[in-house]
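Colleague: I'm new to this one and would rather understand one small part well than skim the lot. Could you pick a spot, look at it closely and then work outwards?

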Amino acid sequence: MSKSSGSYSTSDLSRKSGDIIAEALRHPVTITQRNKPRLILLNIEDYQRLMRQSDRRAAGTIETMPDELFAEFENAVEAYASEDETGRS
């Protein structure tokens, strides 16, 4: 049986997969193993939305930073360094 709404053990998943899948179509469901969350089942629309959101977050480097942003970054670092030097006795 489920511990709480939206949370099931792996053995629940074996016994009641149809019901759990039906619930996961409505909202994300947590699957636990040894009382620890291990998996999340979610519908394809939620998954695709999460993937689209993650595509917007891209890692970059100073080398790939636009010049205008690099200048702002450089000014901020210089201002911080100046404040640090004047704050020392």
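Modeller: Let's start at S9, which sits in strand β1, residues 7-9. Strands here are DSSP runs of E with at least two residues, helices are runs of H or I with at least four, and both are numbered from the N terminus. S9 is buried, at a relative accessible area of 18%. Buried means under 20% relative accessible area, exposed means over 50%, and partly exposed is in between, all with a 1.4 Å probe and protein chains only. Before going on, bear in mind that this is a predicted model: local features need pLDDT of at least 70, side-chain atom pairs count only at pLDDT 80 or more, and totals for chains, interfaces and linings use all residues. Residues are numbered from 1 along each chain as its sequence is written, and side-chain values use heavy atoms, with hydrogens and water left out.

So what does S9 touch, leaving aside residues up to four places away in sequence? The answer is I31 and T32, where a contact means heavy atoms within 4.5 Å. Both belong to the stretch that makes up β2, residues 29-33, and β1 is joined to that strand by 3 bridges, with the two running parallel. Strands count as paired if DSSP finds at least two bridges between them. In this pairing, S7 stands opposite T30 of β2.

T30 also has a partner on another strand: it stands opposite I40 in β3. Here 5 bridges link β2 to β3 (residues 36-41), and these two run antiparallel. Together β2 and β3 make a hairpin with 2 residues between them, and R34 in the turn has a positive phi of about 55°.

Back to S9, and to its backbone this time. The backbone nitrogen of S9 is 3.0 Å from a polar atom in the side chain of D12. That is a polar contact, meaning a pair of N or O atoms within 3.5 Å; within protein, one must be able to donate a hydrogen and the other to accept it, and residues adjacent in sequence count only if both atoms are side-chain atoms. D12 itself lies in helix α1 and is buried, at 2% relative accessibility.

D12 has another partner too. It forms a salt bridge with R15, the closest N and O atoms being 2.8 Å apart. A salt bridge is a side-chain nitrogen of Lys or Arg within 4 Å of a carboxyl oxygen of Asp or Glu. D12 and R15 are 3 residues apart in helix α1 (residues 10-15), so about one helical turn separates them. As for R15, it is exposed, with a relative accessible area of 56%, whereas D12 counts as buried.

Searching the whole structure turns up 2 salt bridges. One is the pair above; another links R49 to D46, with the closest N and O atoms 3.7 Å apart. R49 and D46 are also 3 residues apart, in helix α3 (residues 44-56), so about one helical turn lies between them. R49 is partly exposed, at 36% relative accessibility.

D46 leads us to N43, in the loop between β3 and α3. The side chain of N43 has a polar atom 2.7 Å from the backbone nitrogen of D46. The side chain of N43 also reaches the backbone oxygen of L25, at 3.1 Å. N43 and L25 are 18 residues apart along the chain, yet their C-alpha atoms are separated by 4.9 Å. Leaving out residues up to four places away, N43 touches A24 as well as L25. N43 is buried, at a relative accessible area of 9%.

Along helix α3 you'll also find Y47, which is partly exposed, at 42% relative accessibility. With I44 and M51, Y47 forms a nonpolar surface patch of about 290 Å² accessible area together. Patch members have over 30% relative accessible area and no salt bridge; like charges are joined within 9 Å, and nonpolar side chains (Val, Leu, Ile, Met, Phe, Trp, Tyr) within 5 Å. The areas come from the Shrake-Rupley method with a 1.4 Å probe, and for residues only the protein chains shown count as cover.

Now zoom out. The protein has 4 helices and 3 strands, in the order β-α-α-β-β-α-α along the sequence. Of its 89 residues, 15% count as buried. The protein exposes about 7,400 Å², with 53% of that supplied by carbon and sulfur atoms.
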